[in-house]
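Biologist: I have the sequence and the fold open. Take me through them, one question at a time.

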Amino acid sequence: MDPEPKKPEDSPSNSGNSHGPVHPQSPFPDEALEKVLSFVDSHKDRSSISLVRKDWYNAERWTRSKLFIGNCYAVSPEIVAKRFRRIKSVTLKGKPRFSDFNMLPLDWGADVYPWLVMFAKVYPFLEELRLKRMTITDEGLELLAKSFPCFKALSLSSCDGFTENGLKAIASHCRNLTEVNIQDSITEDVGGGWLSCFPENFSSLEILNFSSLNGDVNFDDLERLVSRCKLLRVLKVNESITLDELQRLLVHAPRLTELGTGSFLQELTPRQYEEIETAFCNCRNLQVLSGLWEATSVYLPLLYGACASLTFLNLSVATTLQSGEFAKFLAHCPNLRCLWVSDTVEDKGLEAVGLSCPLLEELRVYPADPYDRDHLDGVTELGFLAVSRGCPKLHYVLYFCRRMTNAAVVTIVQNCPNFTHFRLCIMTPSQPDYLTNEPMDEAFGAVVKTCPKIKRLSVSGLLTDRTFEYIGKYAKDLETLSVAFAGSSDWGMQCIMEGCPKLRKLEIRDCPFGDAALLSGREKYEMMRSLWMSACSVTMKGCRLLARESPRLNVEVIREEGGNEAQALKVYVYRSVAGPRQDAPPFVLTL
């Protein structure tokens, strides 16, 4: 839920269990309107419906069971509890995305505990909690485990603050649990001891993902749990699980549609090899495959029997995988729609993608070592070109590369004009077209001119204000823009603010944009979710002026020890109906 314009006071004539007469000028009785709204699942559609008129607003608030909050500081738990009374599922996001790159201290905020306290009071029948970039402590997990008797699903994505003790509380008390999904969360030495805390008669799990936990797992506990959960359809284990252990798990889980394997670094006897190969051949429903730590050509053929129905293959942590074996593997995956890989597959591996995956819609290529700028291997424009020639349905790309040319990008978008997400990350800051030494302006100009459906764009390389003029002129559906080491002057950001009517998130780092650029978005920020600016030319004076002229915005400056007092090195701006947050640490100055 994003904050909305202030509504008239509304309180049903009773608790909402009966209905009054038709509202003046309303064509629908309350019961008919609420029945219709019960079929609307999209949180965006529901938010739009609530703005039509007061009776629609009331009907929507009484029928909503799922809540999406894109910024935990855009609204308060108290405001949410007052408006919605029948919530069973909550998705809550916290820290800005740049926290993924260690640009925020861990104690910046986004603690879910105050939300859990309020939920325990007003939503006793809460069934699902999905958190992203939030801090959740063991105390919070214990409160969650003991407060909601119907609780079913816990998803922690890029979260921090908890230990094994918190997960033990969830396993011990949540008797109806169907999902435990821990993805990319920041934890230390959280192993699998909590798996032994599920009651002996517990058997309801359908989704179990602990792939990002780095501690050892007691395999006997895991095997007993998996063998009891006959409806298990998603299983993603961590690196500690060996191939022969994985084979034993697969025997107990014939319904799997998603599998995350453990390590492939193991000596196998011929009999073990045959048993594992048979186990994968029996995975006839498998659609998603990930993991494959330390996968090599020796054991990769074990998976061939499970590849025919795969639609999503995630090999981003399989950094030992080379282009030749990768190409052989892809020949067994004709139905892939989504592929994540490491750049160790190189351009030859991506040529195989173009030849073997004609249905591909999404490609992500991650760097095996993002901090080694002298490393010359990886992928280039040649691999990207090969994919675009063979995969005409491609519409989502995240591509980390060492070099790129304007001409290549122009050809790529001509081959695939339906891009909605185009995230090109040239890893050397301010890198020009390596053949012509020209800025990369025409490349990104071609993206926004050729692909009118673009919603998310990340730009990189040597860029002048001309790139931003193109974006402002042509990217009319753009919702998220990420910019780093780019631009010539304030005019570049001003073009974005004036020209992109649907912009919701703007992320900028290491650019020459200053106060004039910041203030050019005064009116727009209240329609956006957030603005992040770091290492730019913004001053405290400009931030104070923005805060004074836009009282409904929270303007936060993150201070650093020894920093220039006049400069605002990290600025986070977001709209909020809750006012300044109450838990800001001393290094966060709210203006």
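Biologist: In which helix do Lys146 and Glu142 lie?
Modeller: The two residues are four apart, about one turn of the helix. Helices are DSSP runs of H or I with at least four residues, strands are DSSP runs of E with at least two, and both are numbered from the N terminus. Lys146 and Glu142 share one element, helix 6.

Biologist: How far apart are the closest N and O atoms of Lys146 and Glu142?
Modeller: The pair forms a salt bridge, meaning a side-chain nitrogen of Lys or Arg within 4 Å of a carboxyl oxygen of Asp or Glu. For Lys146 and Glu142 the closest N and O atoms lie at 2.8 Å.

Biologist: What pLDDT do local features need here?
Modeller: Residues are numbered from 1 along each chain as its sequence is written, and side-chain values use heavy atoms, leaving out hydrogens and water. This is a predicted model: totals for chains, interfaces and linings use all residues, side-chain atom pairs count only at pLDDT 80 or more, and local features need pLDDT of at least 70.

Biologist: Is Lys146 buried or exposed?
Modeller: Buried means under 20% relative accessible area, exposed means over 50%, and partly exposed is in between (1.4 Å probe, protein chains only). Glu142 has 36%, so Glu142 is partly exposed. Lys146 has 51% relative accessibility, so Lys146 counts as exposed.

Biologist: Which residue pairs with Asp221 in a salt bridge?
Modeller: Asp221 lies in helix 8 (residues 219–228), and its partner sits three residues away in that helix, about one turn. Asp221 counts as buried because its relative accessibility is 13%. The partner is partly exposed at 41%. The closest N and O atoms are 2.6 Å apart, and the partner is Arg224.

Biologist: Which residues do salt bridges with shared partners join into one network?
Modeller: Glu179 is one member, and its place is in strand 5 (residues 179–183). Glu179 counts as buried because its relative accessibility is 7%. The network is made of Glu128, Arg130 and Glu179.

Biologist: At what distance does the side chain of Glu179 make its polar contact with the side chain of Arg130?
Modeller: A polar contact is a pair of N or O atoms within 3.5 Å; within protein, one must be able to donate a hydrogen and the other to accept it, and residues adjacent in sequence count only if both atoms are side-chain atoms. The two side chains, of Glu179 and Arg130, make this contact at 2.9 Å.

Biologist: How many residues apart are Arg133 and Asp100?
Modeller: Their side chains meet in a salt bridge, 2.9 Å from N to O. The pair links distant parts of the chain: Arg133 is in the loop between strand 3 (128–132) and helix 6 (138–147), Asp100 in the loop between strand 2 (89–93) and helix 5 (113–122). Arg133 is buried because its relative accessibility is 11%. In sequence the two are apart by 33 residues.

Biologist: How many disulfides does the structure hold?
Modeller: A disulfide here is a pair of cysteine sulfur atoms within 2.5 Å. The sulfur of Cys500 is 9.3 Å from the closest cysteine sulfur, in Cys495, which is too far for a bond. The disulfide count is zero.

Biologist: What relative accessible area does Cys500 have?
Modeller: Cys543 is buried, with a relative accessible area of 0%. Cys500 is buried too, and its value is 0%.

Biologist: Which residues of helix 15 are buried?
Modeller: Helix 15 is mostly covered, with seven of its ten residues buried. The buried residues pack against helix 14 (406–415), strand 14 (421–426), strand 15 and helix 16 (465–474). They are Asp441, Ala443, Phe444, Gly445, Ala446, Val447 and Val448.

Biologist: Which residues is Ile454 in contact with, leaving aside neighbours within four places in sequence?
Modeller: Ile454 lies in the loop between helix 15 (441–450) and strand 15 (456–459). Ile454 counts as buried because its relative accessibility is 1%. Contact means heavy atoms within 4.5 Å. The partners are Phe419, Thr420, His421, Phe422, Val447, Asp477 and Leu478.

Biologist: What share of the residues of the protein is buried?
Modeller: The secondary structure comes to 20 helices and 21 strands. The chain has 591 residues, and the buried share is 55%.
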